[in-house]
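Hi,

Here is the structure I promised to pass on. Have a look at it first, and my notes on what turned up follow underneath.

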Amino acid sequence: MSVQDLTADMLTRIRNAVRNREKSVVVISNKLNRGVAGVLKDEGYINDFECIADGRQGIIRIGLKYGARGEIIINEIRRVSKSGCRTYSAVGELPRPLQGLGISIVSTSRGIMSDRKAREMRVGGEVVATVC
């Protein structure tokens, strides 16, 4: 089966694994997915991730994170900018999920970063996903 949008596939796999209380999830590796995983790690939504060479494109193993009593950290994760309809935002218009309690993942000219870091660096870009 061919996957058209690797980032949407990654977010769906994370969403399904969290609902099933899995320890880790494996996704296809590309530059955008590695950036999204890095932002999720920096913001504390996942434990860790590692890139594994498999002789083809490569895979990313993501270690999922849960609370002290097993509560879910990632309640909602969704793709905003899709291949059919790209969504761009200026620095002042970046979305604030849950009034600042969640994050938006933004692809900027300076790399992939959270909305907080993008505001700090005063750059806008393509809103890839939101996490609450």
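Helix α1 has 14 residues, which at 1.5 Å a residue should span 20 Å, and its end C-alpha atoms are indeed 20 Å apart, so expectation and model agree. Do keep in mind that this is a predicted model.

Staying with α1, its buried residues are L6, T7, D9, M10, L11, I14, A17 and V18. What do they pack against? The buried residues of α1 pack against β1, α2, β3, β4 (77-79) and β8. Just past the end of α1, R21 takes a positive phi of about 60 degrees.

Next, the sheet. It is an open one with three strands in the order β1-β3-β2, and the pairing is antiparallel. β1 and β2 are the edge strands, each pairing on one side only. From one strand to the next, the twist averages 20 degrees. If you want to trace the pairing yourself, β2 and β3 run antiparallel and are joined by six bridges. For E50, the bridge partner is R61 in β3.

Two helices pack on this sheet. α1 touches β1 and β3, and its direction makes about 170 degrees with that of β1. α2 touches β1, β2 and β3, with its direction at about 155 degrees to that of β2.

Now for the inside. In soluble globular proteins, nonpolar side chains tend to be buried together. Here the largest nonpolar core has 23 residues, and the ones touching the most other members are I14, L40, I62, L64, I105 and V131. Which elements give two or more residues to this core? They are α1 (6-19), β1 (24-28), α2 (31-42), β3 (59-64), β6 (103-108) and β8 (125-131). The biggest contribution comes from α1, with five residues.

V131 is a good residue to click on. Leaving out residues up to four places away in sequence, V131 touches L40, Y45, I74, E76, I77, P97, G102, I103 and I105. Apart from the largest core lies another core, of six residues, including L94, V106, V123 and V127.

Finally, a few loop residues to look up:

- A53 lies in the loop between β2 (46-52) and β3. Its relative accessible area is 74%, and with exposed meaning over 50%, A53 counts as exposed. A53 is 24 residues from S29 in sequence, while their C-alpha atoms are 9.1 Å apart in space.
- L98 belongs to the loop between β5 (88-89) and β6. L98 is not a glycine, yet has a positive phi of about 55 degrees. Is L98 buried or exposed? Its relative accessibility is 53%, so L98 counts as exposed.
- R122 is in the loop between α3 (115-121) and β8. R122 is not a glycine either, and has a positive phi of about 60 degrees. With a relative accessible area of 62%, R122 is exposed.

If you open just one view to begin with, try α1 together with the sheet: α1 packs on the sheet, touching β1 and β3, and also gives the most residues to the largest core. After that, I14 is a handy residue to look at, being buried in α1 and among those that touch the most other members of that core.

Cheers

Terms used
Residues numbered from 1 in each chain as written. Predicted model: local features only at pLDDT ≥ 70, side-chain atom pairs only at ≥ 80, totals over all residues. Heavy atoms only, no water. Core = buried A, V, L, I, M, F, W, Y, C linked by side-chain atoms within 4.5 Å. Buried < 20%, exposed > 50% of the residue type's maximum accessible area, 1.4 Å probe, protein only. Helix = DSSP H or I, 4+ residues; strand = E, 2+ residues; numbered from the N terminus. Contact = heavy atoms within 4.5 Å. Expected span 1.5 Å × (residues − 1). Pairing = 2+ DSSP bridges. Axes fitted to C-alpha atoms, helices over the stretch in contact; angles between N-to-C directions.
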